[in-house]
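Hi,

Here is the structure we talked about. Please open it first, then read the notes below with it on screen.

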Amino acid sequence: MAVSRDDFSIAFRSALLQRGGAQKFSILSLIISAIFIFFLDVYGFTAMKTVRSVVNDVVFRISYLASSPVRILPTANEGLAKHFYLKKENEELRQVIEKYKSLELNLEFLSNENKNLRKILDSENDNSQKNIVLTKVLIDKNSPFLKSIIINKGTKAGVLKGMPVTKNNYLIGRIVDANYMSSRVLLLTDLNSRIPVTLGQNDSQAILSGSGLPNPKLEYLPEGYEITEGVSVFASGKEGIFAPGTPIGKTKANKGKYSNEVKLFVDPNQLSFVTVHLIRLNKEKN
Amino acid sequence: MSKFNFLNKIYNIGPVFLLYYLSISEVDTNLEKIFEIFTFNLPIIIIYFWILKRPSIMGTGHIFFSGLINDVVMGFPLGISSLSNLVVCFFSNYVRNKSINTTIASDWFTFFIALIFANIVFFSLLNNFSDTIISYSKISYNTFFTLFLFPIFWLLFTIYQMNFIGGKDA
């Protein structure tokens with residue numbers, strides 16, 4: 001019995017303290033280092049924040065370079081396929097441009113009308129005078145636990161924590177971590193994402209919560225509210241971060257596990273360029 | 001002879017290279033597009049297998065450093081993946097010290113214990129010291145598929161070891 005206990009303690013100690021060959025460090029020393037780094041990072045000392053910001057910037061750039069072969073292969077394949085359909089695509093694009101031209105005229109009319117109505121209501125929105133920054137998605141690593149992307153603009157370009165991020169004017173998420181030359185965007189599909197929204201003709205209020213699945217869900221809907229297919233969901237702007245009326249997606253009339261789901265206008269897995277809105281933040285400021 | 005040595009070195013750094021590449025690149029083992037719940041943790045399988053079979057080619061420093069890189073890329077608090085990886089590394093070291101001959105079944109069983117402890121460390125730290133919310137169902141799916149796929153990667157890595165690295169087990 002005593003021999004067996006000795007065996008256990010020898011094997012245990014050896015597993016923790018063993019060094020030699022490729023094992024330059026003992027596991028125990030590395031575990032202590034990892035715990036030390038973890039608590040330094042979690043309790044967010046000022047010096048550590050700066051270090052983390054620099055490390056993030058460097059690692060994100062290296063990661064972008066390391067991912068280049070993975071990005072280039074599908075793009076090259078796609079480019080080759082597109083080449084054969086260039087003429088057809090050109091015609092289609094011409095038609096789309098014509099369509100957008102007519103829509104633009106319509107939009108201008110609606111914008112003017114909206115401005116005039118706002119003046120009448122005397123409720124001019126502070127966020128209407130906002131700047132935007134076009135950014136490139138550096139890393140889009142798919143994690144089972146966190147749904148986020150890394151963009152190539154940071155505090156140097158005026159990006160701050162909490163700012164909304166859109167693609168084609170559709171809301172996709174917000175900045176949760178701003179470094180000097182890069183930032184992390186928390187997508188609407190992430191489990192940690194919660195934003196107030198408005199939907200339907202009655203302007204019903206709800207909270208759009210990420211579920212970790214492709215479609216976020218509506219929570220805290222008015223009592224007795226029945227979801228119908230295809231109702232547009234907009235940011236309500238009540239938290240003072242997202243501009244009111246920013247389109248997000250359309251409701252889906254699913255039942256059971258997938259009930260109250262919202263199909264986003266933008267597929268969060270297909271992002272290459274996004275826009276950060278440099279608005280004045282009322283609540284979150286870092 | 002020198003060419004042979006050079007090739008041997010390249011083959012030897014293969015597992016470490018794969019570990020770093022999975023940490024730093026966009027390549028991931030989150031296959032939710034194929035099947036909604038299909039995700040698994042390949043780095044943990046790599047660490048467990050190579051520390052058990054060939055500790056001479058998988059340094060603990062590399063495991064620690066790749067964990068730090070993974071934390072930066074994924075947005076977790078620094079050091080959390082390193083800790084989780086080192087727990088797996090410790091179990092693998094312990095099993096290697098205690099056993100003479102291992103089989104796929106014994107490795108699978110001990111891997112299960114290592115995986116459970118590594119995940120407990122990872123998620124209890126994340127839950128208690130970070131604001132990040134994580135779905136418990138996703139954790140269990142990830143653990144299940146990692147465990148389920150272990151024998152497949154065990155075979156693949158054994159084939160790699162026999163054909164490119166050679167020699168006997170540690």
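**What I found**

Y220(A) is found in the loop between β8 (217-219) and β9 (232-235) of chain A. Its phi is positive, about 55°, although Y220(A) is not a glycine. Y220(A) is also exposed, with a relative accessible area of 67%.

Please keep in mind that this is a predicted model. It scores ipTM 0.88 and pTM 0.77.

**How confident is the prediction?**

Take chain A to begin with. Its pLDDT averages 80. In chain A, 87% of the residues score at least 70. Which element of chain A has the lowest mean pLDDT, and which the highest? Helix α4 (residues 68-84) of chain A is the lowest, with a mean of 70. Strand β5 (residues 183-187) of chain A is the highest, at 91.

Now chain B. Its mean pLDDT is 86. Here 91% of the residues reach 70 or more. Confidence in chain B is lowest in helix α1 (residues 2-24), at a mean of 85. It is highest in helix α2 (residues 42-53) of chain B, at 92.

One rule for reading any such model: where pLDDT is low, the predicted coordinates should not be read in detail.

**Chain A in outline**

Chain A has 286 residues, and 40% of them are buried. Its secondary structure comes to five helices and twelve strands. Look at the contacts in chain A with a separation of 6 or more: 55% of them join residues 24 or more positions apart.

**Single residues in chain A**

Go back to the loop that holds Y220(A). E226(A) lies in the loop between β8 and β9 of chain A as well. Is E226(A) buried or exposed? E226(A) counts as exposed, because its relative accessibility is 67%. Now find Q270(A). E226(A) and Q270(A) are 44 residues apart in sequence. Their C-alpha atoms are 31 Å apart in space.

Next, N168(A). This residue is in the loop between β3 and β4 (170-178) of chain A. N168(A) has a positive phi of about 50°, and it is not a glycine. At 58% relative accessibility, N168(A) counts as exposed.

A157(A) sits in another loop, between β2 (148-151) and β3 (164-167) of chain A. A157(A) is partly exposed, with a relative accessible area of 29%. Which residues does A157(A) contact, leaving aside neighbours within four places in sequence? They are V133(A) and L278(A). K238(A) is 81 residues from A157(A) along the chain. The C-alpha atoms of A157(A) and K238(A) are separated by 26 Å.

Last in this group is N56(A), in helix α3 (residues 46-66) of chain A. N56(A) counts as buried, because its relative accessibility is 1% and the cut-off for buried is under 20%. Leaving out residues up to four places away in sequence, N56(A) touches D177(A), N179(A) and S182(A). N56(A) also touches V72(B), in chain B.

**Helix pairs in chain B**

Start with helix α3 (residues 60-74) and α4 of chain B. Their axes come within 7 Å and cross at roughly 145°. The crossing is right-handed. On the α3(B) side, the contact includes T60(B), I63(B), F64(B) and D71(B). On the α4(B) side, I80(B), L86(B) and C89(B) are among the residues that take part. By class, this contact has six nonpolar, seven polar and one charged residues.

Now the next pair: helix α4 (residues 80-98) and helix α5 (residues 104-129) of chain B. Their axes come within 9 Å and cross at roughly 155°. α4(B) and α5(B) are therefore roughly antiparallel to each other, as the cut-off is over 145 degrees. This crossing is right-handed. From α4(B), the contact includes L83(B), V87(B), V88(B) and F91(B). From α5(B), it includes I113(B), F117(B), V121(B) and L125(B). The residues of this contact divide into 14 nonpolar, three polar and no charged.

Which α4(B) residues should you click on to see both contacts? Try I80(B) and S81(B): they are listed in the contact with α5(B), and they are listed in the contact with α3(B).

Best wishes

Key: Residues are numbered from 1 along each chain as its sequence is written. Chains are lettered from A and ligands numbered from 1 in the order in which they are written. This is a predicted model: local features need pLDDT of at least 70, side-chain atom pairs count only at pLDDT 80 or more; totals for chains, interfaces and linings use all residues. Side-chain values use heavy atoms; hydrogens and water are left out. Axes are lines fitted to C-alpha atoms, for helices over the stretch in contact, and angles run from 0 to 180 degrees between N-to-C directions. Helices (H or I, at least four residues) and strands (E, at least two) are DSSP runs, numbered from the N terminus. Angles under 35 degrees count as roughly parallel, over 145 as roughly antiparallel, 65 to 115 as roughly perpendicular and the rest as oblique. A crossing is left-handed if the near helix is turned anticlockwise from the far one by less than a right angle, and right-handed if clockwise. Contact means heavy atoms within 4.5 Å. Ala, Val, Leu, Ile, Met, Phe, Trp, Tyr, Cys and Pro count as nonpolar, Asp, Glu, Lys and Arg as charged, and the others, Gly among them, as polar. Buried means under 20% relative accessible area, exposed over 50%, partly exposed in between (1.4 Å probe, protein chains only). pLDDT is the predictor's confidence in each residue, from 0 to 100.
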